Amino acid sequence: HFVPNSLFSSYDIYGQNGAVLESDLPYTGSMDTCTGPYSHHYWLQGWSYIGFFPQLQPERRQLQRAIYLFGPISSSVYHGRWPSGSFTNVLNNCGGELPNAHMVLIVGWSDELGAWRIRNSWGTNWGVNGEAWLSYECNGIGFCANYVTYSTGRGVYVDFNYTGLAGAETGQFNLPFNTLDEGVAVLDSGGTLSVKAGSSSATPTWTKAMKVKAFGGPVTIGR
């Protein structure tokens, strides 16, 4: 999660900064000893509140648009009535509580369910593999919501079906390249090339070491 507040620092006590992957430092639910330093794979290019500051409770459509353009967004939320362990039901025990006790990622939504899909930080045994549905406007979800942008050198996105509707291609999540060669060309050595699932195929020229991963579905990588 990204918390844009001077009380929370992204600085690493071991002398580095940047995001640490959950796979490198998983949630354990206990007061463990920090065993860093950890690898830092990504660095923020920028961030913004969603909506018009100081309106810190954006409208539903503003949150949906931010997710569509920038991917998962961070949000403050009240979690005092949430269950522990595994469950599949929609969280809908709402009240007038202040949404400043916890942070989650909003990764999607369902108008059919009337709910946000949230990703928690309490490990994979919570909800369904660490995620759950939370009813719209429940538990103060959306308060202080924000999105981040990343420089393209360390991580580049490719979507073969992107037509430029949201703007010119940059390789970011909301403005992906539509060919593999474009993605490979701007990616730093050792960076991550994320390819969206689709029906297209391509044979790129691999000119550097990189990690290739899929998003939005499976992607077949052959030789």
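User: Is Ser194 buried or exposed?
Analyst: A good place to start: this is a predicted model, in which local features need pLDDT of at least 70, side-chain atom pairs count only at pLDDT 80 or more, and totals for chains, interfaces and linings use all residues. Residues are numbered from 1 along each chain as its sequence is written, while side-chain values use heavy atoms and leave out hydrogens and water. Ser194 belongs to strand β8 (residues 192-196); strands (E, at least two residues) and helices (H or I, at least four) are DSSP runs, numbered from the N terminus. Buried means under 20% relative accessible area, exposed over 50%, partly exposed in between (1.4 Å probe, protein chains only), and because Ser194 has 4% relative accessibility, it counts as buried.

User: Which residues does Ser194 touch?
Analyst: Contact here means heavy atoms within 4.5 Å. Leaving aside residues up to four places away in sequence, Ser194 touches Val156, Tyr157, Val158, Lys213 and Phe215.

User: Which strands do the buried residues of α1 pack against?
Analyst: Helix α1 spans residues 60-70 and includes Tyr68, which counts as exposed because its relative accessibility is 62%. Its buried residues are Gln62, Leu63, Gln64, Ala66, Ile67 and Leu69. These pack against β2 (73-77), β3 (102-110), β4 (115-119) and β6 (143-150).

User: Which element supplies the largest share of the largest nonpolar core?
Analyst: A nonpolar core joins buried Ala, Val, Leu, Ile, Met, Phe, Trp, Tyr and Cys residues through side-chain atoms within 4.5 Å. The largest one has 21 residues, and Ile73, Trp82, Trp116, Ile118, Leu134 and Ile141 have the most contacts inside it. At least two residues of this core come from each of α1, β2, β3, β4, β5 (131-135) and β6. The largest share, three residues, comes from α1.

User: Where does another core lie, and which residues are among its members?
Analyst: Separate from the core of 21 residues is another, of nine residues. It lies apart from the largest core, and among its members are Val156, Leu180, Leu187 and Val195.

User: Why is β5 largely enclosed by the rest of the structure?
Analyst: The place to look is the burial of its residues. β5 is largely enclosed because, of its five residues, the number buried is four.

User: Which residue in β5 stands opposite Arg117?
Analyst: Strands pair if DSSP finds at least two bridges between them. β4 and β5 do so over five bridges, in the antiparallel sense. In β5, the residue opposite Arg117 is Trp133.
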